Amino acid sequence: MSSLRSDDVEWSEEDRADLLEAIEEGADRLDHLVGNLLDMSRLQTGTLAPLIREIDLDIPETLPMVATDKGLLERVVANIVENAVKYSPEDEPVLVAASAIADRVELRVVDRGPAVPDEAKDRIFAPFQCYGDAPRGNGVGLGLAVARGFAEAMGGTLHAEDTPGGGLTMVLSLPTAAERQTVPAHLPAPATS
């Protein structure tokens, strides 16, 4: 890509645009990878300090408020949706749905990609692990590890289930704001604004 600066080569506008697009895509992938590496480092060293606040999910308005870190929640959802899109056939939409179950709110990200055997479901959350071939994208297996780590740091859980009819469903479960206020002392209390 440094050849763009070379005076020895005459580039057409189309070639120049193609090279610049490739540079931009590479930089975006590198930025995403570095962000995930830094996040994994923060998780492994215990330096993650979530800012827990009440927020609501932009799905049904009848859902209770959840107590969570808005930035971390955004990263968790982005990582699991990105993973679902990567493994889903291009003609199959990814479904995102939320519901209240007892004292928790569950967010389900449903894809129609390849199934993952039960014995491999926990391994897909380990750092640098990928299951099968990813038809779109060059991930290194950090997205789901970071997503699970962030979910757990916020007092939630993230696990994988089979999608009825084929595929994989990621289930993110978070405590409601009311439940969070009754959390035992060893867990962080909600921040006030």
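A nonpolar patch, as used here, joins side chains of Val, Leu, Ile, Met, Phe, Trp or Tyr within 5 Å of one another, each residue having over 30% relative accessible area and no salt bridge. The exercises below concern a predicted model.

**Exercise 1. Describe the surface patch that includes Val34, and state how exposed Val34 is.**

Solution.
1. The members of the patch are Leu30, Val34 and Leu38, and their accessible area together is about 270 Å².
2. Val34 belongs to helix 1, which spans residues 13-45.
3. A residue is partly exposed when its relative accessible area lies between the 20% limit for buried and the 50% limit for exposed. Val34 has 37% relative accessibility and therefore counts as partly exposed.

**Exercise 2. Determine the order of secondary structure elements along the chain.**

Solution.
1. The chain contains 4 helices and 6 strands.
2. Along the sequence these elements follow the pattern α-β-β-α-β-β-α-β-β-α.

**Exercise 3. Establish the strand order of the 4-stranded sheet and identify its edge strands.**

Solution.
1. Strand 4 (residues 104-110) pairs with strand 6 in the antiparallel sense, over 7 bridges. Within this pairing, Val109 stands opposite Met170, and Arg108 has Val171 as its bridge partner.
2. Strand 5 (residues 157-162) also pairs with strand 6 in the antiparallel sense, here over 6 bridges. Thr157 has Ser173 as its bridge partner.
3. Strand 5 and strand 6 form a hairpin with 5 residues between them. In the turn, Gly165 has a positive phi of about 90°.
4. The sheet is open, with the order 3-4-6-5 and antiparallel pairing.
5. Strand 3 (95-101) and strand 5 each have a single partner strand, so they stand at the edges and one side of each lacks a neighbour in the sheet.
6. From one strand to the next, the twist averages 25°.

**Exercise 4. Is strand 6 enclosed by the rest of the structure or left open?**

Solution.
1. Leu168, Met170, Leu172 and Leu174 point one way from strand 6, while Thr169, Val171, Ser173 and Pro175 point the other way. The residues on both sides are buried.
2. Because 8 of the 8 residues of strand 6 (residues 168-175) are buried, this strand is largely enclosed by the rest of the structure.
3. Helix 2 (residues 70-87) lies across strand 3, strand 4, strand 5 and strand 6, and runs at about 170° to strand 6.
4. Helix 3 (residues 143-153) packs on the sheet as well, touching strand 5 and strand 6. The direction of helix 3 makes about 130° with that of strand 5.

**Exercise 5. State how many residues of helix 3 are buried, and which elements help to cover them.**

Solution.
1. Helix 3 is mostly covered, with 8 of its 11 residues buried.
2. The buried residues are Leu144, Ala145, Val146, Ala147, Arg148, Gly149, Phe150 and Ala151.
3. The elements covering them include helix 1, helix 2, strand 5 and strand 6.
4. Gly155, which follows helix 3, has a positive phi near 85°.

**Exercise 6. Summarise burial, contacts and accessible surface for the chain.**

Solution.
1. Of the 193 residues in the chain, 33% are buried.
2. Among contacts with a separation of 6 or more, 60% join residues 24 or more positions apart.
3. The accessible surface of the chain is about 11,400 Å², and carbon and sulfur atoms account for 52% of this area.

Terms used
Residues are numbered from 1 along each chain as its sequence is written. This is a predicted model: local features need pLDDT of at least 70, side-chain atom pairs count only at pLDDT 80 or more; totals for chains, interfaces and linings use all residues. Side-chain values use heavy atoms; hydrogens and water are left out. Buried means under 20% relative accessible area, exposed over 50%, partly exposed in between (1.4 Å probe, protein chains only). Helices (H or I, at least four residues) and strands (E, at least two) are DSSP runs, numbered from the N terminus. Two strands pair if DSSP finds at least two bridges between them. Axes are lines fitted to C-alpha atoms, for helices over the stretch in contact, and angles run from 0 to 180 degrees between N-to-C directions. Contact means heavy atoms within 4.5 Å. Patches are made of residues with over 30% relative accessible area and no salt bridge: like charges are joined within 9 Å, nonpolar side chains (Val, Leu, Ile, Met, Phe, Trp, Tyr) within 5 Å. Accessible areas come from the Shrake-Rupley method with a 1.4 Å probe; for residues, only the protein chains shown count as cover. A salt bridge is a side-chain nitrogen of Lys or Arg within 4 Å of a carboxyl oxygen of Asp or Glu.
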